[in-house]
Amino acid sequence: MRAVITVVGNNRVGIIAAVSQELASQNVDILDITQTILLSDFFTMTLLVETTHCQIPFGDLADRLSRLGQEMGLSIHAQREDTFDAMHRI
């Protein structure tokens with residue numbers, strides 16, 4: 001299953017590394033990643049990931065990423081690709 005992960009918050013060193021490390025630790029493959037810095041210090045990142053071989057249920061992965069975001073002062077949200085597509089279809 002594929003999923004979309006969004007990360008937003010104030011820019012700081014190590015955001016990409018921390019998120020990537022958490023995903024790798026659960027055997028989640030990053031298929032695509034885009035990130036940008038807005039207004040000098042506002043970090044945004046979107047990842048498309050493959051979770052087929054994830055070692056934990058998707059809900060647990062989403063919770064872990066959310067907690068990581070809280071620890072880093074960021075908002076990290078993970079949702080299944082089909083849910084993401086449905087929410088953004090007009």
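In the predicted model, helix 1 exposes Q21 and A24 on the side opposite its buried residues. Those buried residues are I15, V19, E22 and L23, and because they cover an arc of only 100 degrees around the axis, they lie on the same side of helix 1. An α-helix has 3.6 residues a turn, so residues three or four places apart point the same way. The buried residues of helix 1 pack against strand 1, strand 2 (29–38), strand 3 (42–50), helix 2 and strand 4. Just after helix 1, N27 adopts a positive phi of about 65 degrees.

Among the buried residues of helix 1, E22 was examined individually. With a relative accessibility of 15%, E22 falls below the 20% limit and therefore counts as buried. The side chain of E22 is joined to that of R64 by a polar contact of 2.7 Å. When neighbours within four places in sequence are left aside, E22 is in contact with R64, L65 and L68, and of these residues L65 and L68 are listed among the buried residues of helix 2.

Helix 2 comprises 15 residues, from 58 to 72, and at 1.5 Å a residue it should span 21 Å, which agrees with the 21 Å that separates its end C-alpha atoms. The buried residues of helix 2 are F58, L61, A62, L65, L68, G69 and M72; since they cover an arc of only 120 degrees around the axis, they are placed on the same side of helix 2. The face turned away from this buried side carries the exposed residues Q70 and E71. The buried residues of helix 2 pack against strand 1 (2–10), helix 1 (15–25) and strand 4 (74–80). Just after helix 2, a positive phi of about 75 degrees is found at G73.

Strand 1, against which the buried residues of helix 2 pack, contains A3. At 0% relative accessibility, A3 lies under the 20% limit and so counts as buried. With neighbours within four places in sequence again left aside, the contacts of A3 are with L47, L48, V49, T51, F58, Q79, R80 and E81, and one of these residues, F58, belongs to the buried set of helix 2. A3 and D63 are 60 residues apart along the chain, and their C-alpha atoms are separated by 14 Å.

Conventions
Residues are numbered from 1 along each chain as its sequence is written. This is a predicted model: local features need pLDDT of at least 70, side-chain atom pairs count only at pLDDT 80 or more; totals for chains, interfaces and linings use all residues. Side-chain values use heavy atoms; hydrogens and water are left out. Helices (H or I, at least four residues) and strands (E, at least two) are DSSP runs, numbered from the N terminus. The expected span of a helix is 1.5 Å times one less than its number of residues. Buried means under 20% relative accessible area, exposed over 50%, partly exposed in between (1.4 Å probe, protein chains only). The arc is that of the directions from the helix axis to the C-beta atoms. Contact means heavy atoms within 4.5 Å. A polar contact is a pair of N or O atoms within 3.5 Å; within protein, one must be able to donate a hydrogen and the other to accept it, and residues adjacent in sequence count only if both atoms are side-chain atoms.
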